[in-house]
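Welcome! Let's take a friendly walk through a protein model, beginning with how some of its helices pack and ending with how its chains are arranged.

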There are 4 protein chains.
Amino acid sequence: MTKRIKRIGVMTSGGDSPGMNAAIRAVARACAYYRVECFGFMRGFQGMIEGDYIELNARSVRNIINLGGTVLKSARSKEFLTEEGREKAAAHLKKANIDAMILIGGDGTFRGGKILSEEHNIPVIGVPGTIDNDIFGTHYTIGYDTALNTVIDAVDKIRDTASSHNRLFFVEVMGRDAGFIALNSGIGAGAEEILIPEEDLGLDRLLNSLERSRRSGKTSSIVIVSEGDKIGKNVFELAAYVKDNLPYYDAKVTVLGHIQRGGSPTCFDRVLASRLCVKAVELALDGQQDIMVGMMNNEIKAIELVNALKSKPTINKELLRISDILSV
Amino acid sequence: MTKRIKRIGVMTSGGDSPGMNAAIRAVARACAYYRVECFGFMRGFQGMIEGDYIELNARSVRNIINLGGTVLKSARSKEFLTEEGREKAAAHLKKANIDAMILIGGDGTFRGGKILSEEHNIPVIGVPGTIDNDIFGTHYTIGYDTALNTVIDAVDKIRDTASSHNRLFFVEVMGRDAGFIALNSGIGAGAEEILIPEEDLGLDRLLNSLERSRRSGKTSSIVIVSEGDKIGKNVFELAAYVKDNLPYYDAKVTVLGHIQRGGSPTCFDRVLASRLCVKAVELALDGQQDIMVGMMNNEIKAIELVNALKSKPTINKELLRISDILSV
Amino acid sequence: MTKRIKRIGVMTSGGDSPGMNAAIRAVARACAYYRVECFGFMRGFQGMIEGDYIELNARSVRNIINLGGTVLKSARSKEFLTEEGREKAAAHLKKANIDAMILIGGDGTFRGGKILSEEHNIPVIGVPGTIDNDIFGTHYTIGYDTALNTVIDAVDKIRDTASSHNRLFFVEVMGRDAGFIALNSGIGAGAEEILIPEEDLGLDRLLNSLERSRRSGKTSSIVIVSEGDKIGKNVFELAAYVKDNLPYYDAKVTVLGHIQRGGSPTCFDRVLASRLCVKAVELALDGQQDIMVGMMNNEIKAIELVNALKSKPTINKELLRISDILSV
Amino acid sequence: MTKRIKRIGVMTSGGDSPGMNAAIRAVARACAYYRVECFGFMRGFQGMIEGDYIELNARSVRNIINLGGTVLKSARSKEFLTEEGREKAAAHLKKANIDAMILIGGDGTFRGGKILSEEHNIPVIGVPGTIDNDIFGTHYTIGYDTALNTVIDAVDKIRDTASSHNRLFFVEVMGRDAGFIALNSGIGAGAEEILIPEEDLGLDRLLNSLERSRRSGKTSSIVIVSEGDKIGKNVFELAAYVKDNLPYYDAKVTVLGHIQRGGSPTCFDRVLASRLCVKAVELALDGQQDIMVGMMNNEIKAIELVNALKSKPTINKELLRISDILSV
C-alpha cells in the first residue's frame, strides 16, 4: 500500500524555457484541487540544498501563465553533483515533509532526480521542460513551440532586410545536440538550407544549392544553422567559406542566442504544460514515482525515468526532404 | 494506368485562415520541384467559374510564407451551388488543362470539390485550412494554431486590465459548431470557465463557479465563450445574467471577431501547411483523387474525401476536466 | 521655506493604461535614488480611503517595466466623491506621513487630486496616464502609443481577411470624447475613412468615399470609428446603413474593446513614463504641488493642475487631410 | 516661374528601415491624389544607373503599409560614386522625364542626391529613413521607433532568462556613430547600464555599477552596448573584462544584429512616413528642391539638404541621468 501523499514539491532546473511558469501554476493548482500542499523550491537543486523554498497555493500562482522564465528561478548546481550536496538536499526535503518531487527540466534534471531517488528514496516525477525538444518519451517539450515561433519571428524580420538588399543570411539557432529547432523553424521560415547536428550534408551541397538558387532567380536566401551542426564549422566560418567560394553573395551572420529562451509561451506550450503537470500531480498522488510524463500522439503518458534517459528522440528526416522540395 | 499529371490547380475557399499562403507556396514549389505546371485560381470556386487564374512558379510565391490571408483570395460562391455554375467551372478547368485540383479550405470547400469530381470527373484533393479545427481526418487544420495564439494574446491584454480593475470579462471566440478554439485557448489563457457548443454545463454551474472564485480570493476572472455555446445565450446576455445574479461583479464583454482569421501564421501552421501540401501534390502526381490529406499523430495521411465529410472530430473532454482543476 | 519631503505616495487611478507599471517603477526608483521613502496606494483613491498601501523600494518594482496593467491596481471610487470619503483618505495619508502624492491617471484622477489638495492641503502631482491622449499640457499620455500599436496590429489582422474576401470592415476603437486613437491608428492602419468625435463629416461623404473607392478598383476597405463619433450612429448602425445604401459591400463590424487597455508597453511609453515620473519625484522633492508633468515638444515640463483641467487638447486636423490624400 | 511637375520619382537607398514601404505608399498615393505620375526606382541609385524602374499608381502600393523592408529594394551603389555612374543615372532620369526625385534614406543617400542635383540639375527631396535616428533636421527618422521596439522585445525575452538564472547580459544594439537606439531602448528595457558612442563612461564606472547592483540585491542585470560604444571594446571583450574582474557574474552576450532592421513598422513610423512623404510630394509640386523634410516638435518642416548634411543631431544627455536614477 502506498503512503498517502500530503505534500508535493516542485522545481524548475537547467536551462529555463517558456511555459515553465504555466507548469508551476498547474502543479500548484492541481495540488490545491486535490487538497494537498505544494512547495516550490528555488533555483532547482540548489534551492533543495539550501532549503530555499516557498509555499504555493492556488492564488500565489495567479497571472503567471503568460510569463516567460520561471518564478522559481533555475540554476545548474555543481554542489548537487557531489554526494554531500545531495545529502543536504535530501535532508531538506525530508525536513519539509515532501512526499514527492515534480522536476521540470531536461535530461540533466532528470538524471539528478534519478540519483536522488536511488540514493535517498525520494519519489520523483519528471516533466520535460526545455526548448530543445530532445527528450525521449514525449513528442513535445515545454518551451519548444515558443522557441520555434521566436526564431521565425526573428527570421521574418531578417528576411525583410535580406530581400530588400538581395542578401544571404546565416542564422544560428539553439540546439547543440539536436536539430529540432533548426529543422522546424527552417521550414517555417522558408530557409534555403538547414544545417543540423544529425546530418552532414556537406559544404559542396551548400554551395551547389546556393549557386542553383541564384541561377533560378532567387535574390535573397536564409540558411538556418544549428549551434552544433555536423559540418563542424561555426556559423561565422560558414559565412566566410561561402563568401570565398561564391563572391557575388553578400553574406551576413546573425546568432539568435538567448532570446530563444524567453518570451510569453504560446498557447500550445501553455496547454502542454497544463496537461503534463496535472497528470504529474495525479500520478504522484497515485503513488507512482521515477517516471516522466510526456505527450505522445496528443495523449499524456508516463514512461520510466530510466527509459527516458536511455534514448534520444530522432528528428523526422522527412522534414529534410520537405525542406529540399520547398527551397526549389 | 493513370494519366500523367502535367498541370495542377490550387485554390483557397471559404473562410480564410493564417497559413493559406504557406500552403499555396508549398503547392507551387512542390509542382516546380516535380516539374509540373501550377495554376492558382482566384477567389475559390468563383474564380473557376470566371476562368480567373494565374500561373504560379517557384518565384511567384516568394516571401509569402509569413503572410496572413491568401494571395489567391477566397470567397463563398453562390453560383457554384448551381449546376450551371459548376459546369462553367469544369469547362474552365478543362480548357486550362488542369489535371488535378488542390482545394484548401473547410468542409464547404470539400463538399464543393466532391460534387465537382462526381459531376465532371475532376480529380480533387482537399487540404484542411480553417481556423475552426473542425475537420475529420486531421488532428490540426491550417490556421487553428495561429488563431489560438491570437486569442491568448488578446486575452492576455484583457487580463492586464481585468486584474488591474478586479473585473470579470466574457470573451467571445470563434467556433459556431465546434469548441476547439474556446477549449484550448481557454486553458491557454487561464480562463475561469469555458463555454462550448458541445456541452451545456448550465448557468447554475457558471454562477457557482464565479461565486466560489470570488470567495477563494480571485479578484478577476475571464470566461471564454464560443460563438455557438450550448447554453444558447449570446455573450452579452450571459454577462447581463451574471450581473443580475452576482451584482458585485463588474462584468464586461469583448467579442474578438475577425482578428482571429488574420495574422502571420505560427511556425506550427507553416510547417503543417508545407507538409500537407507537398503530400497533396505527390498524391496528385501519383494519380490519387477525391481524398483529403491530414495530420494524424504527427504523420501526414490521406483519407477519402467522402469519409472526411461524413464525420466531425470530437473535442477532447479531458481538457474540460483540466480546465476545472486549473481554475480552482 | 518648504518642508523637507521624506515620504512620497503614488497611486494609479481611473482606466488603466500600458506603462503605468513603468511609471510606478520610476517613482519608486527615483525615491530610492533620492533616499526618500515611497508608498504605493492600492486601487487609486479607494486604497487611500481604506488605508490600503504598501512600501515600495527599488527592488520591489523589479521586472515590472514591461508588464501591462498596474501592480497597484486601479479603480473608480464612488466613496471618494463624498466629503466623508475624502476625509478618510486624507486621514490615512496623514497617518502614513505622506508628504506628497503622485497621481497617475486621467482628468478624473486629477480632479480628485485637486479637491484633496484644496480640502486637506495634500500636495499632489499629476502624471498623465490614459490611452486616450486627451489631457491638456502634454503631447502624449502614458499608454497612448501602446494603444495605437494594439489597434494597428488588430487592424492588420483584419485587413488580411478583408483583402482575402474583398470586404468592408468597420472597426470601433476607444475614444468617447477624443479622436486621437482613431485618427492616428486610422492613418497607421491605412484606413479608408476615419470617423471621430470632433468632426461630423457626414454620412454622404462616407458613402461617396466608399463608392469612389470601389470604382477606383479598391477591393477591400477599413473604416475606423471612434466610440463617440460625431455622426452619432454606433458602429453597427453605420455598417447597416452602408449595407442598405451600397448593397454590393459585404460590411462587417469589429469592436476592439478592452484589448486596447492592455499589453506590454511600447518603448515610447516606457521612456515617457520613466521621464515623467522621475521629474514628478524631483518636483515633489522641490516642494512643488498641484501641478501636472507633461511632455511638450520632447521636453518634460510642469503646468498647474488647474490649467490642465481647464482645457482639452485638440486633434491635429492636418491628419484628416493626410488621411484623405492617402486613401485616394 | 517653376516648371510644372508632371512626374515624380521615388527610391529607397542605404540600409533599409521599417516604414520605408509606408513612405513609398504615401509618395505614390499623394502623386495619385495630385494627379501626377509616380515612378519607383529599384535598388536606390543602382536602379537609376540601370534604368530599372516601375510605374506606381494608387493601387500598386496597396497592402504594403504594414510590411517591413522595401518593395523598391535598397542597395549601396559603388558605381554611383563615380562620375560616369551618376551620368548614367541622370540620363535615365531625363529619359524617363522625372521632374523631381524623392530619396528615402540616410545621409549617404542625401549626399548622393545633393551631388546629382549639383551635377545634373535634378531636383531632389530627401526623406529621412534609417533606424539610427542620426539625421539632423528631424527629431525622428522613419524606422527608429520600430527598431526601439524590436530591441525591447528582444531584451524582454532575454530578461526572462536572465532573471530566471540570476545572470548578467551584454546586449549589443545597432548604432555605430549614434547612441539613440542604445539610450532609448536601454531606458525602455530597464537596463542597468547603457554604453554609447557619444560618452566614455569608463570601465571603472561599469564595474562599480555592477558591483553596487549586486550588493543592493539585484539578481540579474542587462547592459545595453551600442556597436560603436566609446569605451572601444566590443561587446565580447566587455563581457570578458567583467568576468575577469567580477567573477561571481555569469556574463553572457547577445548581438541583436539585423533583426533590428526588419519587422512591421509601428504606428508611429507609419504615421511619420505618411506625413513626411505627403509633404515631400507637395513641396516637389511647389517647385522646391534640395531640401529634406523632417519632423520637429510634431510639425513637418523642410530644411536645406546642405544643412541636414552639415550637422549631426545630439543625444539627449538628460536620458543618461534618467538611466542612472532608474537603475538604482
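## Helices that cross

In chain C, helix α3 (residues 83-95) and helix α4 (residues 107-120) pack with their axes 10 Å apart, at an angle of about 75°. Keep in mind as you look that this is a predicted model. Angles from 65 to 115 degrees count as roughly perpendicular, so α3(C) is roughly perpendicular to α4(C). From the α3(C) side, Glu83(C), Arg86(C), Glu87(C), Ala89(C), Ala90(C), Leu93(C) and Lys94(C) take part in the contact, and they meet Ile115(C), Leu116(C), Glu119(C) and His120(C) of α4(C). Sorted by class, this contact between α3(C) and α4(C) has five nonpolar, one polar and five charged residues.

Another crossing joins two chains. Helix α9 (residues 267-285) of chain C and helix α5 (residues 144-165) of chain D have axes that come within 8 Å and cross at roughly 85°. That angle makes α9(C) roughly perpendicular to α5(D). Which residues of α9(C) meet α5(D)? They are Cys267(C), Phe268(C) and Arg270(C), and their partners in α5(D) are Asp145(D), Leu148(D), Asn149(D), Ile152(D) and Asp156(D). By class, the contact of α9(C) with α5(D) has four nonpolar, one polar and three charged residues.

Here are the two crossings side by side:

| Helix pair | Axis distance | Crossing angle |
|---|---|---|
| α3(C) and α4(C) | 10 Å apart | about 75° |
| α9(C) and α5(D) | within 8 Å | roughly 85° |

## Helix α9 in chain A

Now move to chain A. Helix α9 (residues 267-285) of chain A has 19 residues, and from its first C-alpha to its last it reaches 27 Å, close to the 27 Å expected at 1.5 Å a residue. Is this helix mostly covered or mostly uncovered? α9(A) is mostly covered, with 17 of its 19 residues buried. Just after α9(A) comes Gly287(A), which takes a positive phi of about 85°.

## Two residues to look up

Try finding Ser226(C), which sits in strand β8 (residues 221-226) of chain C. Its relative accessible area is 0%, and buried means under 20%, so Ser226(C) counts as buried. Beyond residues up to four places away in sequence, Ser226(C) touches several others, including Glu172(C), Met174(C), Ala178(C), Leu195(C) and Pro197(C).

Next, find Arg321(A) in helix α11 (residues 318-326) of chain A. Arg321(A) counts as partly exposed because its relative accessibility is 33%. Leaving aside neighbours within four places in sequence, Arg321(A) is in contact with Tyr34(B) and Glu282(B).

## How the chains are related

Finally, step back to the chains. A turn of 180° and a shift of 0.0 Å along the axis lay chain B on chain A with an RMSD of 0.0 Å. This is the relation of a two-fold axis. In chain B, the C-alpha nearest that axis belongs to Asn297(B), 2.3 Å from it. The copies meet through the same surface, because 100% of the interface residues of chain B are also interface residues in chain A.

Chain D can likewise be superposed on chain A, with an RMSD of 0.0 Å, by a rotation of 180° with 0.0 Å of shift along its axis. The same surface serves both of these copies, as 100% of the contact residues of chain D recur in chain A.

Key:
Residues numbered from 1 in each chain as written. Chains lettered and ligands numbered in written order. Predicted model: local features only at pLDDT ≥ 70, side-chain atom pairs only at ≥ 80, totals over all residues. Heavy atoms only, no water. Helix = DSSP H or I, 4+ residues; strand = E, 2+ residues; numbered from the N terminus. Buried < 20%, exposed > 50% of the residue type's maximum accessible area, 1.4 Å probe, protein only. Contact = heavy atoms within 4.5 Å. Expected span 1.5 Å × (residues − 1). Least-squares fit on C-alpha atoms with pLDDT ≥ 70 in both. Axes fitted to C-alpha atoms, helices over the stretch in contact; angles between N-to-C directions. Parallel < 35°, antiparallel > 145°, perpendicular 65-115°, else oblique. Nonpolar A, V, L, I, M, F, W, Y, C, P; charged D, E, K, R; others polar.
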